[in-house]
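Me: I should like to learn how to read the features of a protein model. May we work through one together?

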Amino acid sequence: MRLRKESDDMQEEEILLVAQVSDALAHPARIKIYQYIMQCNKDRVPVCNKDVVAAFNYSQATISQHIKKLIQAELVQAQSKDKYSYYFANIGILMKYLNATKKFSTFQA
């Protein structure tokens, strides 16, 4: 009988996380938008869609699609207040992603 090794091997959940977050960060605009949201959060400045549109040279629809992808990957969380949605960077998911990619980079078959 062979016992399963539980050490640093990547679990299925981590593999899915790496794939999902990597896909969300695969576009340079989404990386820039994510950095912008993180910086605003760090400075305690509320950030909504119109703020992101004003900061980048993209249409409102394009920004919305990019943010939607970041939200699906759980890198960004949206909170509705009045008629606006405010965005917050989910640093916890980013840290899980970075830790999982470390395991991936040290994977030995």
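**A buried loop residue**

Reply: Let us begin with a single residue of this predicted model. N90 has a relative accessible area of 16% and is therefore buried, the cut-off being under 20%. N90 is located in the loop between β2 and α5.

Me: Which residues are in contact with N90, leaving aside its neighbours within four places in sequence?

Reply: They are Y34, E74, L75, V76 and Q77.

Me: How does one describe the fold as a whole, and what pattern does the protein follow along the sequence?

Reply: One lists the helices and strands, then reads their order. The secondary structure here consists of five helices and two strands. Along the sequence, the pattern is α-α-α-α-β-β-α. Of the protein's 109 residues, 29% count as buried. The accessible surface comes to about 7900 Å², and carbon and sulfur atoms account for 53% of that surface.

Me: What share of the contacts between residues at least 6 apart in sequence join residues at least 24 apart?

Reply: That share is 59%. One pair of residues illustrates how separation in sequence and distance in space may be set side by side: V18 and N99 are 81 residues apart in sequence, while their C-alpha atoms are 9.6 Å apart in space. V18 belongs to helix α1, which covers residues 12–24. Its relative accessibility is 14%, so V18 counts as buried.

Me: How should I examine a single helix?

Reply: One may begin with its length. Helix α2 covers residues 28–42, which makes 15 residues; at 1.5 Å a residue it should span 21 Å, and its end C-alpha atoms are indeed 21 Å apart, so expectation and model agree. Just after α2, R44 takes a positive phi of about 60°.

Me: Why might the residues of a helix that are three or four places apart point the same way?

Reply: An α-helix has 3.6 residues a turn, so residues with that spacing point the same way. We may now apply this idea to α2. Its buried residues are A29, R30, I33, Y34, I37 and C40. Viewed down the axis of α2, these buried residues fall within an arc of 135°, and therefore they line one face of the helix. The face turned away from that buried side carries the exposed residues P28 and K42.

Me: Which elements do the buried residues of α2 pack against?

Reply: They pack against α1, α3 (49–55), α4 (60–72), β1 (76–81), β2 (84–89) and α5 (91–105).

Me: How does one read a nonpolar core, and which of its members touch the most others here?

Reply: One asks which residues belong to the core, and then which elements supply them. The largest nonpolar core has 24 residues, and I33, L70 and L75 touch the most other members. The elements giving two or more residues to this core are α1, α2, α4, β2 and α5. Apart from neighbours within four places in sequence, I33 is in contact with V52, F56, I63, H66, I67 and L70.

Me: Is N49 buried or exposed?

Reply: N49 has a relative accessibility of 13%, and so counts as buried. The residue is placed in helix α3. Beyond residues up to four places away in sequence, N49 touches Q60, I63, S64, I67, S85 and Y87.

Me: Let us turn to charged side chains. How many salt bridges does a search of the whole structure find?

Reply: The search finds three. In one of them, the side chains of E14 and K103 meet at 2.8 Å, N to O. Since E14 lies in helix α1 and K103 in helix α5, this pair ties together parts that are 89 residues apart in sequence. E14 is buried, with a relative accessible area of 19%, whereas K103 is partly exposed at 24%.

Me: What distance, N to O, do K69 and D23 show in their salt bridge?

Reply: Their side chains meet at 2.7 Å, N to O. This pair links distant parts of the chain, with K69 in helix α4 and D23 in helix α1, 46 residues apart. K69 counts as partly exposed at 26% relative accessibility, and D23 counts as partly exposed at 39%.

Me: Which residue forms a salt bridge with K50?

Reply: K50 forms a salt bridge with D51, and their closest N and O atoms are 3.6 Å apart. K50 counts as partly exposed, with a relative accessibility of 48%; D51 is likewise partly exposed, at 22%.

How values were computed: Residues are numbered from 1 along each chain as its sequence is written. This is a predicted model: local features need pLDDT of at least 70, side-chain atom pairs count only at pLDDT 80 or more; totals for chains, interfaces and linings use all residues. Side-chain values use heavy atoms; hydrogens and water are left out. Helices (H or I, at least four residues) and strands (E, at least two) are DSSP runs, numbered from the N terminus. Buried means under 20% relative accessible area, exposed over 50%, partly exposed in between (1.4 Å probe, protein chains only). The expected span of a helix is 1.5 Å times one less than its number of residues. The arc is that of the directions from the helix axis to the C-beta atoms. Contact means heavy atoms within 4.5 Å. Accessible areas come from the Shrake-Rupley method with a 1.4 Å probe; for residues, only the protein chains shown count as cover. A nonpolar core is a set of buried Ala, Val, Leu, Ile, Met, Phe, Trp, Tyr and Cys residues joined through side-chain atoms within 4.5 Å. A salt bridge is a side-chain nitrogen of Lys or Arg within 4 Å of a carboxyl oxygen of Asp or Glu.
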